[in-house]
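Thanks for coming. I have one structure to go through this morning, and I will keep to sheets, salt bridges and one histidine. Please have a look at it first.

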Amino acid sequence: MNTSLKTPRSCPDPALDHLRVRGAAAVLALLACAAPAMSAPTMNPAPPLHCTLRLDPPDPAATVPRLQVEVRNTGTRGMRLLRWGTPFEGAWFAAFVTVTRDGVALPYQGAMVKRGAPRPEDHFTLTAGRTTRAVIAFEPAFDLTAPGRYRVSAAWRWQGWWLPLTGHASGARMPLSPVEAACEALEFTRPATLDRK
């Protein structure tokens with residue numbers, strides 16, 4: 001059996017080879033040549049972060065409801081994630097979620113902060129297979145006192161670095177392409193009578 005590697009045929013140049021390859025044959029030839037490039041794995045894939053939004057406590061009638069955000073790294077390598085503009089910063093310094101009541105967007109009333117260059121302490125590590133969570137009160141960023149049907153959606157981006165794979169000699173960290181947080185929206189109904197103590 002011949003196990004030698006075959007040299008791939010060169011792709012037709014539509015500008016030069018139009019006399020040899022015409023019509024549908026030219027299209028098929030070009031698609032065949034482009035397929036390996038399109039299917040090649042990316043060097044910096046989207047982060048495997050599974051995100052869940054919940055109420056804390058889970059009772060929608062709670063006087064001061066809080067938002068619980070849980071993120072799990074379902075991948076095989078760790079990440080150093082930037083806290084800025086995410087629930088993991090511990091305070092409202094950006095509108096990292098959008099909130100609607102009965103389909104109408106609520107105005108964000110929290111702080112907006114100008115940033116310099118991030119420091120090491122502005123990041124947190126999420127190793128492969130681990131879960132972390134943050135809990136933050138909706139107030140003062142959003143007013144949830146009125147009764148109605150609420151919907152909370154993630155509106156932040158993950159930024160940071162991939163960490164080196166354990167045991168690999170090429171241990172340089174790789175920048176993480178900024179990507180929108182993918183969380184299923186949280187929906188709940190606030191009742192008409194709330195005891196505001």
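I start with arginine 66, which has a relative accessible area of 36% and is therefore partly exposed, since the partly exposed class lies between 20% and 50%. Before going further, note that this is a predicted model.

What does arginine 66 form a salt bridge with? The partner is aspartate 56, and the closest N and O atoms are 2.4 Å apart. The two ends sit in distant parts of the chain, with arginine 66 in strand S2 and aspartate 56 in strand S1, residues 49-56; they are 10 residues apart. Aspartate 56 has 17% relative accessibility, so it counts as buried, the limit for buried being under 20%. So in this pair the arginine is partly exposed and the aspartate is buried.

Now the sheet around that pair. Strands S7, S2, S1 and S11 make up an open sheet of four strands in that order, with mixed pairing. At the edges are strand S7, 131-137, and strand S11, 183-184, each of which pairs on one side only. Strand S2 covers residues 66-73 and is joined to S7 by seven bridges, the two running antiparallel. For a register point, take valine 69: its bridge partner in S7 is alanine 134.

S2 and S7 are also linked through side chains. Glutamate 70 forms a salt bridge with arginine 133, and here too the closest N and O atoms are 2.4 Å apart. Glutamate 70 belongs to strand S2 and arginine 133 to strand S7, and 63 residues separate them in the chain. Is glutamate 70 buried or exposed? Its relative accessible area is 17%, so glutamate 70 is buried.

The second sheet is also open and has four strands, in the order S5-S4-S8-S12, and its pairing is antiparallel. Its edge strands are S5, 104-105, and S12, 186-190, and each pairs on one side only. Further in, strand S4, residues 97-101, and strand S8, residues 148-154, pair in the antiparallel sense over five bridges. Here the register point is threonine 98, which stands opposite serine 153 in S8.

This sheet has a salt bridge to show as well. Arginine 149 pairs with glutamate 187, with the closest N and O atoms 3.4 Å apart. Because arginine 149 lies in strand S8 and glutamate 187 in strand S12, the pair ties together parts 38 residues apart in sequence. At 39% relative accessibility, arginine 149 counts as partly exposed. Glutamate 187 is partly exposed too, with a relative accessible area of 39%.

Some salt bridges share partners, and in this way Arg54, Glu70 and Arg133 are joined into one network. How many salt bridges does the count come to? The count comes to nine, and I have shown you three individually: the pairs of arginine 66, glutamate 70 and arginine 149.

Last, the histidine. Histidine 123 lies in strand S6, residues 123-126. With 8% relative accessibility, histidine 123 counts as buried. What is histidine 123 in contact with, leaving aside its neighbours within four places in sequence? The list is Arg80, Leu81, Leu82, Arg83, Pro118 and Trp161.

That is all I have for today.

Technical notes: Residues are numbered from 1 along each chain as its sequence is written. This is a predicted model: local features need pLDDT of at least 70, side-chain atom pairs count only at pLDDT 80 or more; totals for chains, interfaces and linings use all residues. Side-chain values use heavy atoms; hydrogens and water are left out. Buried means under 20% relative accessible area, exposed over 50%, partly exposed in between (1.4 Å probe, protein chains only). Contact means heavy atoms within 4.5 Å. Two strands pair if DSSP finds at least two bridges between them. A salt bridge is a side-chain nitrogen of Lys or Arg within 4 Å of a carboxyl oxygen of Asp or Glu.
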